[in-house]
Amino acid sequence: MDAIIKLVIVVIALLVLIWLLVSNIRVVPQAKAYVVERLGAYHSTWQVGLHFKIPLIDKISRKVSLKEKVIDFPPQPVITKDNVTMEIDTVVYFQITDPKLYTYGVESPMDAIENLTATTLRNIIGELELDESLTSREHINTKIRMVLDEATDPWGIKINRVEVKNITPPKDIQVAMEKQMRAERERREAILIAEGEKKSKVLIAEGQKEAAILQAEADKQAAILQAEATKQKAIKEAEGESEAILMINKATADGLRMIKEAGADDAVIKLKSLEAFEKAADGQSTKIIIPSEIQGLAGLATSVKEFVKD
């Protein structure tokens, strides 16, 4: 009986030991880190892999995620340099780089980051006027990130980015801004319309100018062609008259040559001249002045004609 009791006790002790061993085996997953305390003091930080803690001595104080986190803080009321109160909503992207400092550095890291963001934002906006605050988001983001990153470094936190999500000015400021934007759009529209009308008039004037230039060029070409045609016509007429004169002179020369070859003397030539004058005097109002030599020859010719008749 005693042997059976001892065996049961040994089995129970082995089972308890096995349970203690198995229950104290830990596997740290990817992107995680475990902060381990031994007898209440920091002992080590477990990274990814298999680990074993001593029962009743070691304790996992905190399980820390090493992934990048995003915190969207509620809108914070801020006052600008020109005394305009508005609300700004910010988003902070951060990552834990040292689990030990994150565990022991600050009591509540998220609350600390939120309060630090709010105070930093108020300080930055307090140095800017309303218009600068609305148009300087990149400047605000960079300055907040630098301040937060420096302040959270002792906490084992790395601030990667800070983004201003929304900027909400007061209602009356929003109404004034909408009116200003509407007036600006109307001004731009009027400018665009005026520029369009100006370009249209310029194009019309240029078209009329080019049309007038083309018409003047056409008139010039027509005048040149007409002058050239008149010139060619005059040349042709002059050439025709010249050829006619040459032909008349040639005919006269041929006639004189033929008379000379026929042996005609001066008396015959003068008689021919009289016959030419006779033909020329056929007109009713024709007056002819006959040289004295031809007049004597004419009398001789008349005498010859009368003698022949007798």
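**Exercise 1. Helix H5**

Task: For helix H5 (residues 137-152) of this predicted model, compare the end-to-end reach with the expected value, and determine where the buried residues lie around the axis.

Solution.
1. H5 contains 16 residues, and the distance from its first C-alpha to its last is 22 Å. At 1.5 Å a residue, 22 Å is expected, and the helix is close to that value.
2. The buried residues of H5 are Ile-140, Asn-141, Ile-144, Leu-148, Asp-149 and Thr-152.
3. These residues lie on the same side of H5, because they cover an arc of only 150° around the axis.
4. The spacing follows a general rule: an α-helix has 3.6 residues a turn, so residues three or four places apart point the same way.
5. Glu-138 and Glu-150, on the other side of H5, are exposed.
6. The cover over the buried residues of H5 includes strand S8 (85-96), helix H3 (109-125), helix H4 (130-135) and strand S9 (157-168).

**Exercise 2. Helix H3**

Task: Establish whether the span of H3 agrees or disagrees with its number of residues, and state which elements cover its buried residues.

Solution.
1. The 17 residues of H3 should span 24 Å at 1.5 Å a residue; the end C-alpha atoms are 24 Å apart, so the span agrees.
2. Buried in H3 are Pro-109, Ala-112, Ile-113, Thr-117, Ala-118, Thr-120, Leu-121, Ile-124 and Ile-125.
3. Among the elements covering these buried residues are strand S7 (76-79), S8, H2, H4, H5 and S9.

**Exercise 3. The nonpolar cores**

Task: Identify which residues of the largest nonpolar core touch the most other members, and which elements give two or more residues to this core.

Solution.
1. The largest nonpolar core has 29 residues, of which Ile-88 and Ile-140 touch the most other members.
2. Two or more residues of this core come from each of S8, H3, H5 and S9.
3. Residues up to four places away in sequence aside, Ile-88 touches Pro-74, Pro-75, Gln-76, Val-78, Leu-121, Ile-125, Val-164, Asn-166 and Ile-167.
4. A second core, separate and of 5 residues, includes Val-28, Tyr-34, Val-36 and Ile-60.

**Exercise 4. Thr-103 and Tyr-42**

Task: Classify Thr-103 as buried or exposed, and describe the surroundings of Thr-103 and of Tyr-42.

Solution.
1. Thr-103 belongs to helix H2 (residues 99-104). Its relative accessibility is 14%, below the 20% cut-off, and therefore Thr-103 counts as buried.
2. The side chain of Thr-103 reaches the backbone oxygen of Pro-99 at 2.7 Å. Beyond four places in sequence, Thr-103 is in contact with Val-35, Ser-61, Arg-62 and Val-64.
3. Tyr-42, in strand S3 (residues 41-46), counts as partly exposed because its relative accessibility is 31%.
4. The side chains of Tyr-42 and Thr-45 are joined by a polar contact of 2.7 Å. With neighbours within four places set aside, Tyr-42 is in contact with Val-35, Val-36, Glu-37, Lys-100 and Tyr-104.

**Exercise 5. Confidence and overall organisation**

Task: Determine which element has the lowest mean pLDDT, and summarise the chain.

Solution.
1. The mean pLDDT of the protein chain is 81, and 82% of its residues reach 70 or more.
2. Helix H8 (residues 292-309) has the lowest mean pLDDT among the elements, 48, and strand S2 (residues 32-38) the highest, 93.
3. Where pLDDT is low, the predicted coordinates should not be read in detail.
4. The chain comprises 8 helices and 9 strands, and 20% of its 310 residues are buried.
5. Of the contacts between residues at least 6 apart in sequence, 62% join residues at least 24 apart.

Methods: Residues numbered from 1 in each chain as written. Predicted model: local features only at pLDDT ≥ 70, side-chain atom pairs only at ≥ 80, totals over all residues. Heavy atoms only, no water. Helix = DSSP H or I, 4+ residues; strand = E, 2+ residues; numbered from the N terminus. Buried < 20%, exposed > 50% of the residue type's maximum accessible area, 1.4 Å probe, protein only. Polar contact = N/O pair within 3.5 Å; in protein donor to acceptor, adjacent residues only side chain to side chain. Contact = heavy atoms within 4.5 Å. Expected span 1.5 Å × (residues − 1). Arc of directions from axis to C-beta. Core = buried A, V, L, I, M, F, W, Y, C linked by side-chain atoms within 4.5 Å. pLDDT = per-residue confidence, 0-100.
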